[in-house]
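Dear colleague,

I am passing on to you the structure we spoke about, with its sequence, and below it you will find some notes on the strands and the nonpolar interior. Please read them with the structure open beside you.

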Amino acid sequence: MTSTQSDGGSSGERRLVVGGALLHRGRVLAARRSAPAETAGRWEFPGGKAEPGETPAQALERELREELGVRARAVARLPGAWPVRADLELHIWTAELLAGTPQPLQDHSELRWLTADELYDVDWLDQDRFALPHVAALLRPRSAEGPGAEGGGGGGVFPT
């Protein structure tokens with residue numbers, strides 16, 4: 001599926017929202033919303049709207065820098081999408097932490113690193129739930145990868 005970015009033109013066109021399943025050491029980062037009021041207290045994969053002219057990968061890397069203060073590399077889009085509202089469609093991407101320690105800088109009150117077994121311990125926003133089975137599969141070590149394998153490696157990443 002091609003991303004749909006709107007420049008405010010034709011009706012029915014959806015603007016892309018990217019969320020990041022930031023993977024590190026066999027865990028994924030979850031962010032607890034502090035705003036707006038209708039989503040406060042629930043958990044999400046951090047991210048935001050792509051700006052006109054940005055690729056999804058560029059948007060995710062920018063959003064993770066702004067929201068968490070980290071440098072990350074977008075790796076691959078997970079299968080599926082979620083219509084956030086009529087004009088917004090969410091795509092979740094895996095991302096690799098390159099530098100920094102995530103901090104809740106914008107719109108979040110708390111961050112948690114979750115293992116595959118802990119993924120369902122938080123109250124995820126409905127729009128992020130479609131990605132949970134895919135993230136869980138990436139976090140679970142695969143016997144073919146040998147001992148100490150971590151999720152997010154080459155074999156467990158879905159192509160775009």
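Which residue is the bridge partner of Leu 16 in β7? In this model, which is predicted, that partner is Glu 89, and the pair belongs to a longer match in which strand β1 (residues 15-24) and β7 run parallel over 9 bridges.

β7 has further neighbours. Strand β5 (residues 71-77) is joined to β7 by 6 bridges in the antiparallel sense, with Ala 74 paired to Ala 95. Strand β6 (residues 82-85) also pairs with β7 in an antiparallel way, over 3 bridges; here Arg 85 stands opposite Leu 88, and a hairpin of 2 residues leads from β6 to β7. Of the 12 residues of β7 (residues 88-99), 9 are buried, so this strand is largely enclosed by the rest of the structure.

As for the interior, the largest nonpolar core holds 23 residues, of which Val 28, Phe 45, Ile 92, Leu 119, Trp 124 and Val 135 touch the most other members. At least two residues of this core come from each of β1, β2 (27-33), β7 and α2 (132-139), and α2 gives the most, with 5 residues. Leaving aside residues up to four places away in sequence, Leu 119 touches Val 28, Leu 114, Trp 124, Leu 132, Val 135, Ala 136 and Leu 139. Apart from this core lies another, of 15 residues, including Leu 22, Leu 29, Trp 93 and Ala 95.

With best regards

Technical notes:
Residues numbered from 1 in each chain as written. Predicted model: local features only at pLDDT ≥ 70, side-chain atom pairs only at ≥ 80, totals over all residues. Heavy atoms only, no water. Buried < 20%, exposed > 50% of the residue type's maximum accessible area, 1.4 Å probe, protein only. Helix = DSSP H or I, 4+ residues; strand = E, 2+ residues; numbered from the N terminus. Pairing = 2+ DSSP bridges. Core = buried A, V, L, I, M, F, W, Y, C linked by side-chain atoms within 4.5 Å. Contact = heavy atoms within 4.5 Å.
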